[in-house]
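Trainee: Could we go through this structure together, one question at a time? I would like to see how each answer is reasoned out.

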Amino acid sequence: MYSIFGFIPVLLLLGLALQSAAVFKTVNLTDNAYSGLLIAINPEVPEDQNIVETIKDMITEASKFLFNATRKRAYFRDVTILVPKTWTNGTYDSTYAQSYDLADVFVTNPNPMSGDNPYTLQYGQCGDPGSYIHFTPNYLNDSSVIYDYGPRGKAFVHEWAHLRWGVFDEAPADGAYQFQWDNKQNVQAIRCPLGLKGESIFYDNQGNSRVCSQSITNGLPEEGCVFVPYATQNITASLMSHQYVKEVVDFCDDADENSTTKSRNYYAHNTNGTNEQNRLCDMRSVWSIMRSSKDFNGTNLPNDAISDVTPTFTVARARPFEKFVLVLDVSGSMQGTKLTDMQTAAKLFITQYAPNGTKVGIVEFESSARTLHNLVTIDDNREQIANVIDSLVANGGTCIGCGITEGIKVLGKDGEPAAGGHLIVLSDGEENEPPLVNEIRNYVLAAGVVVDSIFFGVITANADLQSLTEETQGIWFFNDALDLGALIETFKQLAYVNDGDPYNQIYQIHSQSFTVSQPEHYSGTVLVDSTIGNNTVFTFAYTSGGDPIVSLYSPLQEKYCSKEQGVDCVDYANVDNEYNIISFQIPGTAAVGEWIFNVTTVAYSADVDVIVTSMASNRENPPMIVESVISQVDASNLKPIVVYATVSIGYAPVTEADVLATITAPSGKTFNLILLDTGSAPDVRKFDGVYSRYFTEFVEVGRYSVQVKVTGLGNKTSLLSQGYRYRSPAAYNPGYIQSDGTFVPNGPAATGNDNTLTTSDLDPFTRVVSPGGFSYSGESIDPAVDKLPPSKVIDLAVEQVDNQDLSRGVRLTFSAPGSDYDRGAVYLFVARAYQIRYSYDSASKLANNFKGGILITKNMVTEGDILSPKLAGTPETMVVELIAVPNNRDAISVWFALRAYDDSGNVSPTSNIAMTNVFVVPYVESTTELVTLAQTTIAETITTTTTTSVTTTTVGKSDTENELKTFKIVTIVLAVLCFTLVFGLIGTCVVKSHLVKQRKKFRINNRLEMGSKSQKGSGGDQYRKKSKIDLGGGVENSFAIQDEL
């Protein structure tokens, strides 16, 4: 049990299950103009016209920035702002085609881990669209955020790049170090481009600021230091690095790293930066990814003729209710069990799963179609509506087009447009009567309805119905004709209505199928956690003649009975003998804990399907939410499917849950995938509550179904709360360095700066969802022939084992890939399973010519084994010795990459490039006195150390010169001492003098200097000839040095 709900705002941003991970269901780019952008305001946000007006201003501003940043290729033409149906004071248009779940941008309460920082939920690979952009009401109402994140329009373009083109941040990721060594042994702030100038400042949560100290372990600025830009810049990029900087209006682009042109400083992508863009996008620039997208790949070329990029806005109120029409196949092939199973599932849709207030109608079709029930609002009339299904009789041909056409008519009979209504079409066979689906396609698209489809045992037929479902943004399912439980789950899933209010949703918490025979009984358990409990229903569906007896026990030992079973029964089930359904409606809020059911049968045997659903317990406790999507719905040519599941409470991710995806092939064969949140491909970030896995076992052509079950086992599963952001946020402005050298702090972000992981244990829980199905049309996989490679390693990291002793090697860590993408283990091939190479030149050279790097052989590995990979997703650690180390430098940068081979010779793509700085000469630790900077002029800041040390100097004088002067004095003193001592001690003095020289030389070569030119603020041009550490600025930021003599 935990009690942190008080600070977790809640929002259901995505549907519990979506057909595909791709977004932009309504956004198109045509003739350089985006149309169909939908921004939805959450129902929990109080009515506020200022929010609407600020959204308009933000998108209008963003359109101008976007047109410039895309080099006159794109702008926003028309935008819809969807306000909640509870907003009544303004003037709003009516809308039926737009709905909350279709939105690209949400305005809702803050994420406790991000505060008012705009962010994008992004869990696909490089180039894959994100899921949504999140803004808060306070971000839109508080003008101070313009200083925090830059103009709202620029911040929106930053997030739009995440969402639309699947690019990542070029500034350091949350929790990552802010600085790194470059290949010239300069310290660089991680940014893009390197032409962005600034200084390193330590600024804590109490408002204290000072010059950064040197880390005693690696020579970089200490942890907690941040890069602070100058107030004036001479560059225009990058929006994915520091979008809040006034001059920044462009994205970084590729450039020859040896180029000396002015454009290199303005736009050039920093390929050596240790950021997410380089890690996940193979060091490609943001503009390179954008240019290869469907938006700009040969289309929407620059258009100088466009002068007005002002968008038009529609402000519409969300429709007050959802409309569903069941379009049911009663052709001759549906006779027998298929018809009764369809009736059972359809009746449960009406009696249990359709939310109160929705409208439901019923259409049947065979060779023609008929309306059985016009639209009626669901309330206490559920049984009356459901009884119409009893009259269904199977006979005749199959005219799916007739059923869809009749269904559209029913959607429009209530006096409201049919647009936005859902047709739930179930069919078990191939259409054979006109009009065919492809003949009514244009009519359906013009009507603006959503077609959801159930292929009831249909493996490959009715491809036009599948295409129409995808075109209308519907979801389709494949169900085995003999699996009643799966069919019930499908109807339950299709009843889901996402209006942004998670307290109105029905959550499935249990799903199970089993057979019980005389004289045995079957017992099972169901977990009810504290986030749910209202309107809890236990449903048992069984085969005809089974006539089971069910007893249900609460954690409080209350007994619920399906029949008269003694005086100890506190309540009885609703039994439908015609459709073989036993339902227990638990009054009030179900008790938290383990519920137990026992099933016996009077027949020889009975097949039983158990489904348990519930709703949120109260509005103070955000419900546990599981969302699932699949990467694509049409697979071919052995391209893997990625199954995703997001597990959260409010915004807080749930980690260490057991997430199992069960995939059923057309033939009924099942495959189990354990989804992981470890940061190994395809999972781009570990511990973000997003679990994923590749599926590659396409054993046959046809339709596959997917079910995801999530289980939390008490104290094993954690809620990851404040102190860890896992989204793609806009960069926060820590302040500026003014032209006179004064640091003007902005202060730390209100939330999200603390990267300490805070967790809370959870109740045991389960959730069950389905993202729909996918079809496979490529070649079937022969298990005897391995054509699939291991997955790409995307989390390779490296560090020197001991900065005092390079002979101990470097340590590489990464997650093991599998033999087939992330399945199994990589086995021996040509005497190696991992091929690891490194380079002393640059990251790009290793990426472009992997085989040109130095190969790590088995004899160079002192820990780990490159010939014995671990199971997929398991952490790997390798310690390797370096050879051919350049001996002309005290320290050097090294880049590493790896490929994995399986036992059939298939090779993975090259991993991300990982870099470390290794100390050839043992690193000498130094101590420094902290320097208070605050809001004083840097030129006036003077610091001294309490130990034997040199004094840090002002802007006007080089620290390097001071150190050399101090070094000369020390050397003279040593020389005098040596001549006054006995001859036998002279050798010792010489050694000491040499060590001091080497240490001084190393320290001098690693001075923290903020740019290649001394600047007065951002202006001056006095060249610093011995500058070695470049953080992008010109004001010296020296480390005091302790004389270790």
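Mentor: Happily! Let us begin with a term: two strands pair if DSSP finds at least two bridges between them. Keep in mind that this is a predicted model.

Trainee: Thanks! How many bridges join strand β20 to β29, and in which sense do they run?

Mentor: Two bridges are enough for a pairing. Strand β20 covers residues 507-517, and one of its contacts is His 510, whose bridge partner in β29 is Val 612. The two strands β20 and β29 run antiparallel, and the number of bridges joining them is ten.

Trainee: Which residue of β29 stands opposite Val 537?

Mentor: Look at strand β22, residues 532-542. Strands β22 and β29 pair in the antiparallel sense over eight bridges. Opposite Val 537 in β29 stands Thr 613.

Trainee: How many of the twelve residues of β29 are buried?

Mentor: A residue counts as buried under 20% relative accessible area. Strand β29 spans residues 605-616 and is mostly covered. Of its twelve residues, the number buried is ten.

Trainee: Let us turn to the cysteines. What pattern do the disulfides of the chain follow?

Mentor: The structure holds five disulfides. Count the bonded cysteines along the chain and note which one joins which. The pattern reads 1-6, 2-5, 3-4, 7-8, 9-10.

Trainee: Is the disulfide of Cys 126 and Cys 281 right-handed or left-handed?

Mentor: The sulfur atoms of Cys 126 and Cys 281 are 2.1 Å apart. This pair links distant parts of the chain, 155 residues apart: Cys 126 sits in the loop between β6 and β7, and Cys 281 in the loop between α6 and α7. The torsion about their S-S bond is about 105°, so the disulfide is right-handed.

Trainee: Which of these two cysteines is partly exposed, Cys 126 or Cys 281?

Mentor: The cut-off for buried is under 20% relative accessible area, and exposed means over 50%. Cys 281 has 3%, so Cys 281 is buried. The value of 24% falls in between, so the partly exposed one is Cys 126.

Trainee: And what is the handedness of the disulfide of Cys 192 and Cys 252?

Mentor: Their S to S distance is 2.3 Å, and both Cys 192 and Cys 252 are buried. Cys 192 lies in the loop between β9 and β10, while Cys 252 lies in the loop between β12 and α5, 60 residues apart. The torsion about the S-S bond is about -130°, so this disulfide is left-handed.

Trainee: What is the torsion about the S-S bond of Cys 399 and Cys 402?

Mentor: A disulfide joins Cys 399 to Cys 402, with an S to S distance of 2.0 Å. Cys 399 is buried, and so is Cys 402. The disulfide is right-handed, and its torsion is about 75°.

Trainee: Now the charged side chains. Which residue meets Asp 295 in a salt bridge?

Mentor: A search of the whole structure finds 21 salt bridges. In this one the N to O distance is 2.9 Å. Asp 295 lies in the loop between α7 and β13 and its partner in helix α4, so the pair ties together parts that are 131 residues apart in sequence. Asp 295 is buried at 4% relative accessible area, its partner is buried at 7%, and that partner is Arg 164.

Trainee: Is Arg 291 buried or partly exposed?

Mentor: Arg 291, in helix α7, forms a salt bridge with Asp 253, with the closest N and O atoms 3.7 Å apart. Asp 253 is buried, with a relative accessible area of 14%. At 34% relative accessibility, Arg 291 counts as partly exposed.

Trainee: Where do the buried residues of helix α12 lie around its axis?

Mentor: Helix α12 covers residues 463-471, and Leu 465, Gln 466, Leu 468 and Thr 469 are buried there. These residues cover an arc of only 165° around the axis, which puts them on the same side of α12.

Technical notes. Residues numbered from 1 in each chain as written. Predicted model: local features only at pLDDT ≥ 70, side-chain atom pairs only at ≥ 80, totals over all residues. Heavy atoms only, no water. Disulfide = S-S within 2.5 Å. Helix = DSSP H or I, 4+ residues; strand = E, 2+ residues; numbered from the N terminus. Buried < 20%, exposed > 50% of the residue type's maximum accessible area, 1.4 Å probe, protein only. Arc of directions from axis to C-beta. Salt bridge = Lys/Arg side-chain N within 4 Å of Asp/Glu carboxyl O.
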